Amino acid sequence: SDAGSARARVDARRHRGRIRSDVHQAGAPRECPIPAPDTSDGVPPSVGTDVVHANNRIPVQPTPHPEPKAARVFLERSPYVSWRAQRPVFAHPAFNGVIHPDLPVWAGEPGIPEPAVGSDAAAPRISRLAKTEVDILPDFHVQTIAASRCRSAAEARQRIAAASDAGASAILMVTGDAPGGSSRRGSRRGSWDSTDLLREAGAMRERGEVHEDVTLACVANPSLEGAARDPTARLRAKLDAGAEMVVTQPAMLAPATSRRWWDAARLRSLHRECDVVFGVAYLASWRSVRHWQRLCGLNGDGSAGDVGGAGAEESDEVARLWEETERTMDLKTFQEWRDERLDLAVAAVLADEDAHGVHLMPVTEEGYGAVARVADAIGALARPPSGAAREG
């Protein structure tokens, strides 16, 4: 029964604890000791390249006397934006977590195949970090594993184990899209989806093949699921499969529909069974809004599609607002308006006592620039009030 499953999930979380509390408080200085690089072959590693520490877990310094915890502010490490553009943003103390997406090394370049299975380039990104990245990135790493990029169950297990061995604090299981962008189940390389990955990772953790303190995470899509007859059905299935943390797609694409999902989740007390981290994307233009809406299953053409009439209509209204604003504002004013939307979206998440954190998705170099402009404000919001403790 649902009640029985919920009790079992809560008991499991009490046994293992919530998301690892070794993340540093936002706004506080970080220390991240660097493992000595392997120079046994006589060749020193190159700075700024993907010289890896694949056999070393990212070191974590335990905190003997826990202090009040800040909200977790995750920043996405894009494989398609230069490290030069991302480095100063990650260096800001507002960000105390990093999410590594599981994306092809080469995107949209015809004639260039994906890396061979088992090659260094095909391994999870956390196992291929350069020294300069390890030096700057926060200590709390979330590595995404996409079922669509696993050609077999054996490869899925290999990628999950590699993420754990490299020091992932959490592993985010997603279904993902097949090459070419299709997300339909029949078009994927294999028959697995995110729930299969969650079950397998849980079994691996029981067998000691995944580190015992690694959190298992999944994705939710409030703008889509909030319009369903049962808004939390997908989330409950993932929790039953072992998810302990949920990272959502952006809610600002259809705010009222997303709010319906969140209200339904809290009504069932699902937020007490998992840590909910809300996604916030940087939106650069009305075309950017439409792009994100399509990614999240909102057709953006006025048709109901998979989301139902109310969700589709709301997403159209959001896109029309952006189109009108972009058309009527000058470039400088529109940039300030965009930055304000980003700031307000993050503030809304950090003000919600039931949310465990926020995941910023800048996507482009322009997006990382926008995040840098509002980083001070984000850091101030993420810190708990003096003398107050936020549940870790």
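**Exercise 1. Which residues of α2 are buried, and where do they sit around the axis?**

Solution.
Step 1. W83, A85, Q86, V89 and F90 are the buried residues of α2. Buried means under 20% relative accessible area, exposed over 50%, and partly exposed in between (1.4 Å probe, protein chains only). The model is predicted: local features need pLDDT of at least 70, side-chain atom pairs count only at pLDDT 80 or more, and totals for chains, interfaces and linings use all residues. Residues are numbered from 1 along each chain as its sequence is written, and side-chain values use heavy atoms, with hydrogens and water left out. Helices (H or I, at least four residues) and strands (E, at least two) are DSSP runs, numbered from the N terminus.
Step 2. The buried residues of α2 cover an arc of only 155° around the axis, so they lie on the same side of α2. The arc is taken over the directions from the helix axis to the C-beta atoms.
Step 3. R84 and P88 are exposed on the other side of α2.
Step 4. The buried residues of α2 pack against β1 (72-76), β2 (97-100), α3 (131-136) and α12. Contact means heavy atoms within 4.5 Å.

**Exercise 2. Describe how α2 and α12 cross, and name the residues that meet.**

Solution.
Step 1. The axes of α2 (residues 83-90) and α12 (residues 365-382) come within 9 Å and cross at roughly 20°. Therefore α2 is roughly parallel to α12. Axes are lines fitted to C-alpha atoms, for helices over the stretch in contact, and angles run from 0 to 180 degrees between N-to-C directions. Angles under 35 degrees count as roughly parallel, over 145 as roughly antiparallel, 65 to 115 as roughly perpendicular and the rest as oblique.
Step 2. From α2, R84, A85, Q86, V89 and F90 meet E365, Y368, V371 and A372 of α12. The residues of this contact of α2 with α12 divide into six nonpolar, one polar and two charged. Ala, Val, Leu, Ile, Met, Phe, Trp, Tyr, Cys and Pro count as nonpolar, Asp, Glu, Lys and Arg as charged, and the others, Gly among them, as polar.

**Exercise 3. Where do S269 and V363 lie, and what is the sign of phi in each?**

Solution.
Step 1. Most residues other than glycine have a negative phi.
Step 2. S269 is not a glycine, yet has a positive phi of about 60°. S269 lies in the loop between α8 (255-267) and β7 (275-281). At 31% relative accessibility, S269 is partly exposed.
Step 3. V363, also not a glycine, has a positive phi near 70°. V363 lies in the loop between β8 (357-361) and α12. Its relative accessible area is 36%, so V363 is partly exposed.
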